[in-house]
Amino acid sequence: MELVVIAGGFGTRLRPLTLRRPKALIPLLNRPQVLHVLDRLPPDCDRVILAVNYLYERVRDFFEALDTDVEVVVVNEPEPLGTGGAIKNVEEHVSGTFAVANGDVVDTIDFAALVKFHRKSRGVGTIAVTPVEDPTAFGVVALDGDRITRFVEKPQETEAPSSLINAGRYVFEPEVFDFIDEGRAVSLEREVFPRLIPPGLFAFREAGPWSDAGTLSSYLESQRLLLDRDGGGIAKGAEIAWDVLPPVLVADGCFVEARLGPHVVLGRGCKVGRCVIRNATLFDGASVDDKVEIESSIIGEGAAVGEGAVLRNSIVGDGVQVPPHTKHVGAKVDA
Ligand code: GTP
């Protein structure tokens, strides 16, 4: 069975980190995000097809240099074709019933159970769904038993037919290709799912703990999910001189005097002075001076945060220098 990973979006909500880096390669627990998807393959999956558009060469080169257990084929879309068009574009690489994953979703789904459910329900497609408190930012399903009777993308609060949302994991029969127009951008959620309802679209309700990693807050939620599930750890080659509130993950070559945690990830070679960091990530080679406070933020690769600065709910771009004693709340800090 093939797994198609839809990973070609611009990732605008994670800018400036995605200005020079495809979202699929954004580090999450110090590994490119897309590798977390490859950790949880469907049963009998022998090939992964990555549908990529934005910064295709970066993704291709990354996988060319990587040893993987399964064959990975990176397919370029010369123009962005949307989530549905991306699937149509890889039709020739698919040989039978196939699975699809959004490249920016972190979850605990049992893919084998999803595939088994799909085969039993005999629809054209199955969507894994999960309940959330506020479904308005997602695709929401109405159900009759397990059969989807309506799919509404990002509904108004009063129009959400349930609290069950699309968890970004699917299984399709090849028949799905007949429902996607060729040669133009097509939205899977807005155009294809509604068309699949009459022939048979089903909902698999056991998606399990789930988060997409497409915004700052959902990225940090994914990080918490993974740290709570797998635990963190401090690399042997890291030096920690103060206090750690687990779970935290600290890579090799870090020198840290800060109070860290919980839910903090430091990439390789970060230098961190006497400061406080909670619920945050520093990418490789970032440095943070004394008396800094960082909360719910991402600090880009090689960025430097000056003494006494405060960062909350903010993203700092790669290589950016944050001046001392400045305060950033809900900011995107770029050079
Ligand atoms: P934002 O710009 O922040 O909305 O992010 P995004 O462009 O990644 O869009 P979104 O999060 O809605 O996309 C959901 C999934 O579909 C992600 O894994 C994207 O990488 C992927 N995706 C979105 N648009 C395209 C496209 O045109 N082509 C391909 N191949 N993938 C896409």
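Q: Is Glu295 buried, partly exposed or exposed?
A: In this predicted model, Glu295 lies in strand 24. Its relative accessibility is 26%. Buried requires under 20% and exposed over 50%, so Glu295 counts as partly exposed.

Q: Which side chain makes a polar contact with the side chain of Glu295?
A: Leaving aside residues up to four places away in sequence, Glu295 touches Arg278, Asn279, Leu311, Arg312 and Asn313. A polar contact needs a pair of N or O atoms within 3.5 Å. At 2.9 Å, the side-chain partner of Glu295 is Arg278.

Q: How many bridges join strand 21 to strand 24?
A: Strand 21 covers residues 276-278 and strand 24 covers residues 293-295. Val276 stands opposite Glu293 in strand 24. The two strands run parallel, and the number of bridges joining them is three.

Q: Which strands stand at the edges of the open sheet?
A: Five strands form this sheet with parallel pairing, in the order 18-21-24-27-30. An edge strand here has a single partner, so one side of it is left without a neighbour in the sheet. That applies to strand 18 (259-260) and strand 30 (327-329).

Q: What percentage of the ligand's accessible area does the protein cover?
A: Among the 19 residues around the ligand, Thr12, Arg13, Lys23, Glu77 and Gly82 come nearest. A backbone N or O atom of Gly82 lies 2.7 Å from a ligand oxygen, and one of Ala51 lies 3.0 Å from a ligand nitrogen. A polar backbone atom of Gly103 is 3.2 Å from an oxygen atom of the ligand. On its own the ligand has 610 Å² of accessible area, and the share covered by the protein is 82%.

Definitions and conventions. Residues numbered from 1 in each chain as written. Predicted model: local features only at pLDDT ≥ 70, side-chain atom pairs only at ≥ 80, totals over all residues. Heavy atoms only, no water. Pairing = 2+ DSSP bridges. Helix = DSSP H or I, 4+ residues; strand = E, 2+ residues; numbered from the N terminus. Buried < 20%, exposed > 50% of the residue type's maximum accessible area, 1.4 Å probe, protein only. Contact = heavy atoms within 4.5 Å. Polar contact = N/O pair within 3.5 Å; in protein donor to acceptor, adjacent residues only side chain to side chain. Near = heavy atom within 4 Å. Areas by Shrake-Rupley, 256 points an atom, 1.4 Å probe, with all protein chains shown as cover.
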